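Colleague: I am new to this structure and would like a close look at a single part of it. Please take one helix, and then show me what lies around that helix.

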Amino acid sequence: MTGLAAPGFPEEAVRARARRGTAEVFPDPAAYGTRLFGPNGTGTASDFGSGSGSGSGSGDALDRARVVPPVFMPERLEKLIDLAREPEFTDVDLTTRTGGFTALLPLYLSAFGSTRAGSGDLAVHASRQAARLGIPMVIGENMIPVHGYRRAGDATRSALLARVEAYLDAAPDGAGGIVVQQSTEDADSEVWNLLYSDPGTRPLLETGRLAFELKTGQGAKPGLGGMTVVDRAEAEQLARRFTVREAFGPEDGRRLRCATPGTFTDEILRQQLRFMRNNFPRARTWVKFHPGRDIAHAARTAWEAGADAVTVDGAEGGTGWAPGVFLDQVGLPLGECLRRIGPPAGCLLASGGMWEGGRVLRALALGATAAGLGRAALVAVDEDPEHGLERLVESIALELRLLVSALGKYAVTALGPEDLWWPDGPHAGHTAGLPVGATP
């Protein structure tokens, strides 16, 4: 060092890159499998906010909106007449139809994928608790290419089927469902064909509780495919199916495993969804988008092609391993995605920074049918593998009932953009769903 200083410039970050090169593009690989990365690259509690009812901490416009009950509440009067008494928050109905499934709450378990934190015992515990709650569960991409597939009688444990079996064992009759993503590498492994023909998934097909989700991207790294950190031996095994790179320095035994994101146009998307519906007619059809600038056109294209659900993963989305620049600087915030989509033409699912009832309610008021729990779910299960997720969801459900009742409404499906006020003023970024010329 020469003693050169650069006040006001990110000098330490530059020096770190000069020392370690491409390793500095990513979070510390030593934390892989134990830290859930999101915006700011930290994956710490600050990603979820601090203090009760303070919002998600993501800092997007969705968190700045306030829930605003009216003075006059005709829907409360209707409920009063129906019940012959004053309605209470316990009278709020939180059930929804989520992507073709009956869900007991307007929530779902987001995809964890093939990352170490999301495909081990924590994920199995989360699956079991999601089933008991009667909410859908999404299983992420690359599970079979990375971890393999086990049919009944095989000795090798399958991470994907372990989650399916845990969910099936605990699911109540008539509620919930399992959604399995497929990416480019998954398609090569015929993931959907394996599941659709497996006798073990027959109960899901017979009860209409299996869906396949076409994944085009995710909030943690819009425009990129899945990434994980693997050791040298695993890298050699995976190199036949994935791109494997030395990104952490020549002396580091760990390698970066990269999947391709796939290439989509509106016509390719329509053909893919048509293929899904024709080849797997008994499974629901979902599609997941990253928070792209053309998200409204993408969502509309999917609904027109017959998708049962469109999932939008805001830039606040986490759990996935991603370059820091993507976690902090790439993709639209969830609130902006919802604003651009406006009143949805079908079932819209939203994820990114969800952990408490206020942010969930604001997403629902802007058109979402349900909100996804990703990092929050894993943290909750890590705290208590047997009941942590259930307690987290119970707290969210109580907040939702209190908030919806305070708005003079008694079904979560009755929420609308009129229930929110934006402190930044009535400009275009905060008027989703309002008539032209109206103000929040």
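Modeller: What follows is an account of helix α17, its surroundings, and some other parts of the chain.

The model is predicted. The chain has 440 residues, of which 54% are buried, and its elements are 17 helices and 15 strands. Among contacts with a separation of 6 or more, 72% join residues 24 or more positions apart.

Helix α17 covers residues 388–406. Is its length what one would expect for its 19 residues, or not what one would expect? At 1.5 Å a residue, α17 should span 27 Å, and the distance between its end C-alpha atoms is 27 Å, so the two agree. The buried residues of α17 are Gly388, Leu389, Glu390, Leu392, Val393, Ile396, Ala397, Leu400, Val404 and Ser405. An α-helix has 3.6 residues a turn, so residues three or four places apart point the same way. After α17 comes Gly408, which has a positive phi, near 80 degrees.

What do the buried residues of α17 pack against? Their neighbours are the helices α3, α4 (121–133), α15 (357–365) and α16 (375–383), together with the strands β4 (107–109) and β14 (370–373).

Strand β14 is worth following further. From β14, Ala370 and Gly372 point one way, while Ala371 and Leu373 point the other way; all of these residues are buried. β14 pairs with β4 in the parallel sense, over three bridges, and Gly372 in β14 is the bridge partner of Tyr108. β14 also pairs in the parallel sense with strand β13 (residues 348–351), again over three bridges. In that case Ala370 of β14 is the bridge partner of Leu349.

Strand β13 leads to another helix, α14, since β13 is included in what covers the buried residues of α14. The cover also includes α2 (61–64), α12, β12 (309–313) and α15. Helix α14 spans residues 334–341, and six of its eight residues are buried, so α14 is largely enclosed by the rest of the structure. Those buried residues are Leu334, Gly335, Glu336, Cys337, Leu338 and Ile341. α14 is followed by Gly342, with a positive phi near 70 degrees.

Helix α12, which is part of the cover of α14, also takes part in the largest pocket. The volume of that pocket is about 340 Å³. Its lining consists of 16 residues, and those nearest its centre are Thr216, Phe264, Phe289, His290 and Asp294. The elements giving two or more residues to this lining are α11 (266–279) and α12 (295–304). α12 gives the most, with four residues. Sorted by class, the lining of the largest pocket holds six nonpolar, eight polar and two charged residues.

Helix α3, one of the neighbours of α17, is followed by a loop that holds one more point of interest. Ala84 lies in the loop between α3 (74–83) and β2 (96–98). Its phi is positive, near 60 degrees, although the residue is not a glycine. Most residues other than glycine have a negative phi. Is Ala84 buried or exposed? Ala84 is exposed, with a relative accessible area of 70%.

How values were computed. Residues are numbered from 1 along each chain as its sequence is written. This is a predicted model: local features need pLDDT of at least 70, side-chain atom pairs count only at pLDDT 80 or more; totals for chains, interfaces and linings use all residues. Side-chain values use heavy atoms; hydrogens and water are left out. Buried means under 20% relative accessible area, exposed over 50%, partly exposed in between (1.4 Å probe, protein chains only). On a 1 Å grid over the protein atoms alone, a cavity is a set of points where a 1.4 Å probe fits but cannot get out, and a pocket is an open set with protein on both sides within 12 Å along at least five of seven lines; lining residues have an atom within 4 Å of a point. Grid points are joined across faces, edges and corners, and a volume is the space filled by probe spheres set on the points. Ala, Val, Leu, Ile, Met, Phe, Trp, Tyr, Cys and Pro count as nonpolar, Asp, Glu, Lys and Arg as charged, and the others, Gly among them, as polar. The expected span of a helix is 1.5 Å times one less than its number of residues. Contact means heavy atoms within 4.5 Å. Two strands pair if DSSP finds at least two bridges between them.
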